[in-house]
Amino acid sequence: MSCYKYWGKLEEIGNKLYSYGNLEKYGDSALDDVNIDEIIEILDEVEIIAHDKTIDFDSAKHILDDEKMNKTLKLIRKFYVYVGARLETENALKILESDNPTETLDSFQFYNRYIGLIENESQLAKFNRDKTFVFLGSGPLPLTLIMFNKVFACNCIGIEQNPEVAELSRKVLKRLNFDEEIEIIVGDETTIEKLDYDILMVAALAEPKERVFSNIWEYVDKNTPVIYRTYTGMRALLYSPVLDKDTRGFHKEITLFPSGKTNNTSVLIRKIE
């Protein structure tokens, strides 16, 4: 089915986002003052389109590559990043204040999606208590690290560029009693040069992608599984995907597409020498 059936709806969403103010300066935008329920309502409208199974990859590409949709697409992608960061931060702060932090973590908007995502990604590498897993771009609520540690008991290290975000995630881990199993380091992709690890994962929002993967190629061993999260098909409405040019020097081994309401496609690559 043609994705052009959503053209009018996408423009409507874009106009609504534009009406909030200058979204180019997202940290200081008027969205900070918008009620979270209204934010979630817009997100739901976007995801209905992104999750439409009747739209094949070729049809999705037509609308996502259309110049007339460019402005709306940029707004929606900025909105998606903003929503993720806001929801993670708000849940992280609630955990610090909660009498039952585990229950508060479980109430996170996307918690169930992570379950499906982790199940998918566990097929791409051998996660176990003898492995050290590094996640690049761990964010304020390091749920990926928490779940891999809970399910597979692997040693976990998160790398986060923003010192304030890293400190918040450390406090969350301490509150949840994961601070001895999971370490958060301030840094970027070049930080892996100083680490011993068995599996590396790159967050979907790690940027700039070409630089990130180029530096990973410099430091990663050819036998080390590198997993990255990306967006494919109509889900690329939510965020720009990893391109083939970004992962030059790597061999793509396995691609696992999302199911249900999970948004990320997970890809296993290895370095070519």
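Reader: Let's start with one side chain: does Glu45 count as buried or exposed?
Author: Glu45 has a relative accessibility of 16%. Buried means under 20% relative accessible area, exposed over 50%, and partly exposed in between, with a 1.4 Å probe and protein chains only. By that rule, Glu45 counts as buried.

Reader: Before we go on, what kind of model is this?
Author: Residues are numbered from 1 along each chain as its sequence is written, and side-chain values use heavy atoms, with hydrogens and water left out. Local features need pLDDT of at least 70, side-chain atom pairs count only at pLDDT 80 or more, and totals for chains, interfaces and linings use all residues; the model is predicted.

Reader: Thanks! Which residue meets Glu45 in a salt bridge?
Author: A salt bridge here is a side-chain nitrogen of Lys or Arg within 4 Å of a carboxyl oxygen of Asp or Glu. The partner of Glu45 sits 3.8 Å away, N to O, and is Lys16.

Reader: How many residues apart in sequence are the parts that Glu45 and Lys16 tie together?
Author: Helices (H or I, at least four residues) and strands (E, at least two) are DSSP runs, numbered from the N terminus. Glu45 lies in helix H2 and Lys16 in helix H1 (residues 7-19), so the pair joins parts whose separation in sequence is 29 residues.

Reader: Which residues are linked with Lys16 and Glu45 in a network?
Author: Lys16 is partly exposed, at 27% relative accessibility. Salt bridges link this lysine and Glu45 into a network with two other residues, Lys9 and Glu12.

Reader: How many salt bridges does the structure hold?
Author: Two others are worth a look on your screen. Asp246 and Lys245 meet at 3.6 Å, N to O, and Lys271 and Glu273 meet at 3.9 Å. The number of salt bridges in the structure is 18.

Reader: In the pair of Lys271 and Glu273, which residue is buried?
Author: Glu273 counts as exposed, at 70% relative accessibility. The relative accessible area of its partner is 11%, so the buried residue is Lys271.

Reader: And between Asp246 and Lys245, which residue is buried?
Author: Lys245 has a relative accessible area of 40% and is partly exposed. The other residue has 7% relative accessibility and so counts as buried: Asp246.

Reader: What is the nearest side chain of opposite charge to Arg77, and how far away is it?
Author: Arg77 lies in helix H4 (residues 70-97). Arg77 is buried yet has no salt bridge. For charge, Lys and Arg count as positive and Asp and Glu as negative, while His and the chain ends are not counted. The nearest side chain of opposite charge is Asp65, at 6.9 Å.

Reader: Which residues does Arg77 touch?
Author: Contact means heavy atoms within 4.5 Å. Leaving out residues up to four places away in sequence, Arg77 touches Ala236, Leu237, Leu238, Tyr239, Ser240 and Pro241.

Reader: Glu47 is in helix H2 as well, so which residues is Glu47 in contact with?
Author: Glu47 is found in H2 (residues 36-50) and counts as buried at 4% relative accessibility. Setting aside neighbours within four places in sequence, its contacts are Tyr80, Arg113, Leu238 and Asn263.

Reader: How many of the residues in helix H7 are buried?
Author: H7 covers residues 143-152 and is mostly covered. Its buried residues include Leu143, Ile146 and Phe148. Of the 10 residues in H7, the number buried is seven.

Reader: What phi does Ala153 take?
Author: Ala153 comes just after H7, in the loop between H7 and strand S2 (155-160). Ala153 is not a glycine, yet its phi is positive, at about 60°.

Reader: Where is the cis peptide bond?
Author: Pro208 is in the loop between strand S4 (199-202) and helix H9 (209-219). With omega near -10°, the cis bond runs from Glu207 to Pro208.

Reader: Last one: what is the radius of gyration of the chain?
Author: The chain has nine helices and seven strands, and buried residues make up 53% of its 273 residues. The radius of gyration is taken over C-alpha atoms, and the globule rule is 2.2 Å times the number of residues to the power 0.38. For 273 residues a compact globule would come near 19 Å, which agrees with the value for the chain, 19 Å.
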